[in-house]
Amino acid sequence: MCFHVKISKTKEQLEKKSKLKFKPKVTFTPNPHFKGFDHPQLPVITDKRDCIEMFEWGLLPSWGKDDFDTNNTLNARIETLEEKPSFRDSFNQRCVLFVDGFYEWRHEGKSKIKYDIGINNNTFFLAGIYNNETFSLVTTEAIGIMDFIHNTKHRMPIALNDNDSLNSWLNGEPVTPFTDFSYIEENPTQQLLLF
């Protein structure tokens with residue numbers, strides 16, 4: 001799954017990458033580590049493709065009440081998007097999240113080894129779905145180096161690194177996730193708090 005992302009680029013850099021502007025009066029402060037369980041407001045492009053918006057991480061379904069636990073909707077499995085009640089109404093409401101990396105942990109015995117994963121610190125996108133200014137990241141079965149790193153649940157976010165795959169996702173068409181990641185292994189920690 002994917003609960004930790006890096007967005008260290010400025011508003012101006014994200015606008016240059018996407019050729020879109022942020023909504024007026026929107027503020028965004030880059031951070032090398034956003035945690036999904038904090039439910040941050042993060043920069044996304046929706047299928048409307050008219051501007052960069054700030055949506056809260058953790059999808060609130062159209063039928064969700066104030067007490068709905070959006071910790072359970074930080075991620076959505078692509079295999080069950082159309083089946084799960086929390087996601088099926090948002091199946092055709094596609095968005096992408098700007099990132100320049102994400103974090104996963106490899107389990108080795110009692111140790112967890114943190115990996116900083118990206119594309120040479122360049123901006124790319126993670127596929128998502130949205131509803132009412134909230135979103136979930138969409139995951140798929142881990143492939144390649146991600147299967148080695150995420151060796152417990154064997155999942156990875158659907159990364160998009162070119163205009164064709166970005167447009168295909170936003171159009172509701174099939175995509176092939178990017179898998180040729182660069183990564184940095186950090187020192188193992190015995191008791192790492194993930195959230």
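User: In β7, which residue is the bridge partner of K6?

Analyst: This is a predicted model, and in it strand β1, residues 4–7, pairs with strand β7, residues 101–108, in the antiparallel sense over two bridges. Looking across to β7 for the bridge partner of K6, one arrives at G101.

User: Which strands are the edge strands of the open sheet, in which five strands are ordered β2-β1-β7-β8-β13?

Analyst: The five strands of this open sheet pair in the antiparallel sense, in the order β2-β1-β7-β8-β13. An edge strand pairs on one side only, and this applies to β2 (31–35) and β13 (182–185).

User: By how many degrees are neighbouring strands of this sheet turned against each other on average?

Analyst: The sheet in question is the open one that runs β2-β1-β7-β8-β13. If direction is ignored, the average turn between its neighbouring strands is 30°.

User: Which element supplies the largest share of the lining of the largest pocket?

Analyst: The largest pocket has a volume of about 270 Å³, and 16 residues line it, of which K17, S18, F125, N163 and L166 are the closest to its centre. At least two lining residues each come from α1 (11–18), β9 (124–131) and α4 (163–170). The largest share, four residues, is supplied by α4.

User: How many residues in the lining of the largest pocket are nonpolar, polar and charged?

Analyst: The lining of this pocket is made of 16 residues, which can be sorted by class. Sorted in that way, the lining holds five polar residues and four charged ones, while the nonpolar residues number seven.

User: Is N120 buried or exposed?

Analyst: N120 lies in the loop between β8 (111–118) and β9, and it has a positive phi of about 55° although it is not a glycine. Most residues other than glycine have a negative phi. Because its relative accessibility is 60%, and the class in question begins over 50%, N120 counts as exposed.

User: What is the phi of E133, and where is E133 found?

Analyst: E133 is placed in the loop between β9 and β10 (134–141). Although E133 is not a glycine, its phi is positive, at about 65°.

User: Why does E133 count as partly exposed?

Analyst: A residue is called buried under 20% relative accessible area and exposed over 50%, with partly exposed in between. E133 therefore falls in the class between those two cut-offs, because its relative accessibility is 47%.

Methods: Residues are numbered from 1 along each chain as its sequence is written. This is a predicted model: local features need pLDDT of at least 70, side-chain atom pairs count only at pLDDT 80 or more; totals for chains, interfaces and linings use all residues. Side-chain values use heavy atoms; hydrogens and water are left out. On a 1 Å grid over the protein atoms alone, a cavity is a set of points where a 1.4 Å probe fits but cannot get out, and a pocket is an open set with protein on both sides within 12 Å along at least five of seven lines; lining residues have an atom within 4 Å of a point. Grid points are joined across faces, edges and corners, and a volume is the space filled by probe spheres set on the points. Ala, Val, Leu, Ile, Met, Phe, Trp, Tyr, Cys and Pro count as nonpolar, Asp, Glu, Lys and Arg as charged, and the others, Gly among them, as polar. Two strands pair if DSSP finds at least two bridges between them. Axes are lines fitted to C-alpha atoms, for helices over the stretch in contact, and angles run from 0 to 180 degrees between N-to-C directions. Buried means under 20% relative accessible area, exposed over 50%, partly exposed in between (1.4 Å probe, protein chains only).
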